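These are my notes from a session spent looking things up in one structure. I began with strand pairing and then went on to the core, the rings and the helices.

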Amino acid sequence: LTVDLDALGHTVWFDRRLTGGHDWWEEILSGIRHCHLFLFALTPEALESQPCKLEYDYALALNKRILPIMLSDINIALLPISLQKFQLVDYRLQNKVQALSLGRALGSLPRPKALPKPMPPKPDMPLSPIAKLRDLIDAPTLKPDEQRVLITKLKTFLEDDVTANDARLLLKRVREREDLL
């Protein structure tokens with residue numbers, strides 16, 4: 001898609017071009033604020049991604065023009081209502097007919113709207129909830145209530161196959177604390 005958009009004369013920015021040492025979330029939000037068009041590449045993975053949802057919601061809040069492009073099979077009926085209102089471009093086959101359709105869509109977009117005043121708040125960086133627990137564990141002091149919340153959350157993460165190993169590592173860190181109840 002990026003190659004085809006470039007061939008159509010459009011400059012494409014996306015987060016895969018970020019390099020080490022950058023505040024990646026601020027770079028993404030800045031890219032959204034400065035773009036002329038927010039293109040949402042519709043795939044099952046993108047639709048389930050919390051960062052993609054935050055990016056889309058931010059673009060919507062900024063009054064950005066939005067063009068959803070279907071890159072793989074998705075259930076359109078399950079798209080968020082805010083996304084269903086936009087006519088999408090089917091680009092699953094990436095053939096000549098679909099490339100022409102994409103070109104027509106890009107050439108006939110509605111006029112850009114002004115940024116809202118006041119600007120909407122920036123969405124929080126989509127960090128793993130388990131990363132937030134690590135910072136809590138490393139805090140100089142842990143109050144009894146914080147310890148209870150921490151252990152309850154770690155138990156929840158221990159029950160999830162995806163986060164169980166990380167939760168075990170954090171639990172070991174908790175046991176090293178001298179201020180535990």
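Which residue in strand 2 is the bridge partner of F40? I looked this up in what is a predicted model, and the partner turned out to be P68.

**Entry 1, strands.** I found that strand 1 and strand 2 run parallel and are joined by five bridges. On strand 2 I also looked for its pairing with strand 3 (residues 89-90), and there I noted two bridges, again in the parallel sense, with V89 in strand 3 as the bridge partner of I69. I then checked burial along strand 2 (residues 66-70): five of its five residues are buried, so the strand is largely enclosed by the rest of the structure. In a regular strand the side chains alternate between the two faces of the sheet, and I therefore sorted the residues by side. I66, P68 and M70 are buried on one side, while L67 and I69 are buried on the other, which leaves both faces of strand 2 covered.

**Entry 2, core.** I next looked up the largest nonpolar core, which has 20 residues, and I wrote down those with the most contacts inside it: I32, F38, F40, L42, Y56 and L83. Helix 2 (24-34), strand 1, helix 4 and strand 2 each supply at least two residues of this core. For L42 I listed contacts beyond its neighbours within four places in sequence, and among them I noted P68, I69 and M70, together with L83 and L88.

**Entry 3, rings.** How many aromatic pairs does the count give? I recorded four. The rings of W24 and W25 have centres 5.6 Å apart and planes at 70 degrees, and because an angle over 60 counts as edge-to-face, I filed the pair under that heading. As for burial, W24 is partly exposed at a relative accessible area of 34%, whereas W25 counts as buried at 4%. The pair of F38 and Y56 I entered as tilted, with 6.5 Å from centre to centre and 50 degrees between the planes. F38 belongs to strand 1 (residues 38-42) and Y56 to helix 4 (residues 50-61), so this pair ties together parts that are 18 residues apart in sequence. I checked that F38 and Y56 are both buried, and I noted that ring pairs link F38, F40 and Y56 into a cluster.

**Entry 4, helix 8.** I compared the span of helix 8 with expectation: its 15 residues should cover 21 Å at 1.5 Å a residue, and the end C-alpha atoms are indeed 21 Å apart. Its buried residues include Q147, L150, L154 and F157. Seen down the axis, the buried residues of helix 8 fall within an arc of 90 degrees, so they line one face. The face turned away from that buried side carries the exposed residues D145 and K155, and what covers the buried residues of helix 8 includes helix 7 and helix 9.

**Entry 5, helix 9.** I repeated the check on helix 9 (residues 164-175), whose twelve residues reach 17 Å from first C-alpha to last, close to the 16 Å expected. Here A164, A167, L170 and V174 are buried, and they cover an arc of only 120 degrees around the axis, which puts them on the same side of helix 9. The exposed residues N165 and L169 are carried on the face turned away from the buried side. Among what covers the buried residues of helix 9 I noted helix 7 (129-137) and helix 8 (144-158).

Notes: Residues are numbered from 1 along each chain as its sequence is written. This is a predicted model: local features need pLDDT of at least 70, side-chain atom pairs count only at pLDDT 80 or more; totals for chains, interfaces and linings use all residues. Side-chain values use heavy atoms; hydrogens and water are left out. Rings of Phe, Tyr and Trp (its six-membered ring) pair if their centres lie within 6.5 Å; planes under 30 degrees apart count as stacked, over 60 as edge-to-face and the rest as tilted. Buried means under 20% relative accessible area, exposed over 50%, partly exposed in between (1.4 Å probe, protein chains only). Two strands pair if DSSP finds at least two bridges between them. The expected span of a helix is 1.5 Å times one less than its number of residues. The arc is that of the directions from the helix axis to the C-beta atoms. Contact means heavy atoms within 4.5 Å. A nonpolar core is a set of buried Ala, Val, Leu, Ile, Met, Phe, Trp, Tyr and Cys residues joined through side-chain atoms within 4.5 Å.
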